[in-house]
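Hi,

Here is the structure I promised to pass on to you. Please have it open while you read, as my notes follow straight after.

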Amino acid sequence: MKHLIAPSILAADFGKIHAEVEMLNNSEADWVHVDVMDGAFVPNISFGFPVIKAIKAVSKIPLDVHLMIEKPERYLKDFKEAGADILTVHAEACPHLHRTIQQIKELGMKAGVALNPHTNVDTIADVLEDLDLVCLMSVNPGFGGQKFIYNTIPKTKKLKGMIDERNANVQIEIDGGVGLQNAEKLLQAGARVLVAGSAVFKAEDPIGTISKLKSIGKDIVVV
Ligand code: DX5
Ligand code: ZN
């Protein structure tokens with residue numbers, strides 16, 4: 001099945017957020033990746049509900065909301081109401097991860113779990129079948145524009161093996177430092193969703209870059 005491209009709005013120009021989302025509507029982007037940071041789980045603060053609602057009001061594609069916040073279970077309903085279609089929480093931020101995943105699904109969203117670069121994929125072995133998405137962080141979360149951590153490639157392969165072994169219906173998303181230079185390798189390793197912030201929004205031709213990311217590995221069979 002064809003891979004998905006999820007441009008990260010964190011790298012957009014917030015002075016013209018409406019136009020940036022319109023640009024995505026006119027591109028081959030599949031999802032808008034929306035990074036929420038609380039200044040506690042990660043050192044940075046990004047934005048909250050009013051901004052997500054403003055993005056939702058314009059977006060014609062699903063909102064892939066990545067919560068880099070402590071105790072995300074406090075706000076699941078609010079993110080649903082703000083417009084999240086896919087809601088991803090960090091395993092490191094959730095002592096009761098299984099319950100949180102169930103609550104996300106009960107609210108009618110797709111459930112994702114993100115793992116920091118140092119977190120082993122075995123951590124989620126016992127909830128894998130409950131998930132729609134696993135987001136492997138290929139940078140330390142908190143900022144856009146960081147360097148891709150190479151260990152993500154073997155990590156993706158290991159996770160893909162675990163998913164195939166169980167025949168689970170879970171997509172692997174890679175987030176951080178992704179661009180034309182490493183997209184093919186990631187798809188070959190088993191990635192299905194590529195998040196790209198700087199690579200898209202800082203490009204001279206964002207729509208063309210999304211199109212290139214989308215057409216990479218056309219003959220790769222990612223199941
Ligand atoms: C990092 C965020 C990423 C980030 C990606 O904390 O979760 O989604 O926006 O940006 P780039 O593609 O610039 O690394
Ligand atoms: Zn993200």
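Below is what I found, starting with the ligand and moving on to one of the strands.

Please keep in mind that this is a predicted model.

**Around ligand 1**

The shell of ligand 1 holds 20 residues, and D35, G142, D175, G197 and S198 are the closest. By type, 8 of the shell residues are nonpolar, 10 polar and 2 charged. Strands β2 (32-37), β3 (63-68) and β8 (193-196) each contribute at least two residues to this shell, and β2 gives the largest share, with 3 residues.

Some polar distances may be handy for you:

- H66 places a polar side-chain atom 3.2 Å from an oxygen atom of ligand 1.
- G177 has a polar backbone atom 2.8 Å from an oxygen atom of the ligand.
- G197 has a backbone N or O atom at 2.8 Å from an oxygen atom of ligand 1.

How much of the accessible area of ligand 1 does the protein cover? Of the 380 Å² that the ligand has on its own, 99% is covered.

**Around strand β5**

Strand β5 (residues 110-115) has 5 of its 6 residues buried, so the rest of the structure largely encloses it. On one side, β5 runs parallel to β4 (residues 86-90), with 5 bridges joining the two; here L87 has A111 as its bridge partner. Between these strands the chain passes through helix α4 (residues 97-106), making a right-handed β-α-β crossover. Strand β6 (residues 133-137) is also parallel to β5 and joined to it by 4 bridges, with V113 opposite V134.

Happy to talk it through whenever suits you.

Best wishes

Key
Residues are numbered from 1 along each chain as its sequence is written. Chains are lettered from A and ligands numbered from 1 in the order in which they are written. This is a predicted model: local features need pLDDT of at least 70, side-chain atom pairs count only at pLDDT 80 or more; totals for chains, interfaces and linings use all residues. Side-chain values use heavy atoms; hydrogens and water are left out. Buried means under 20% relative accessible area, exposed over 50%, partly exposed in between (1.4 Å probe, protein chains only). Two strands pair if DSSP finds at least two bridges between them. A crossover is right-handed if, with the strands pointing away from the viewer, the path from the first strand over the helix to the second runs clockwise. A residue is near a molecule or strand if one of its heavy atoms lies within 4 Å of it. A polar contact is a pair of N or O atoms within 3.5 Å; within protein, one must be able to donate a hydrogen and the other to accept it, and residues adjacent in sequence count only if both atoms are side-chain atoms. Accessible areas come from the Shrake-Rupley method with a 1.4 Å probe; for residues, only the protein chains shown count as cover. Ala, Val, Leu, Ile, Met, Phe, Trp, Tyr, Cys and Pro count as nonpolar, Asp, Glu, Lys and Arg as charged, and the others, Gly among them, as polar.
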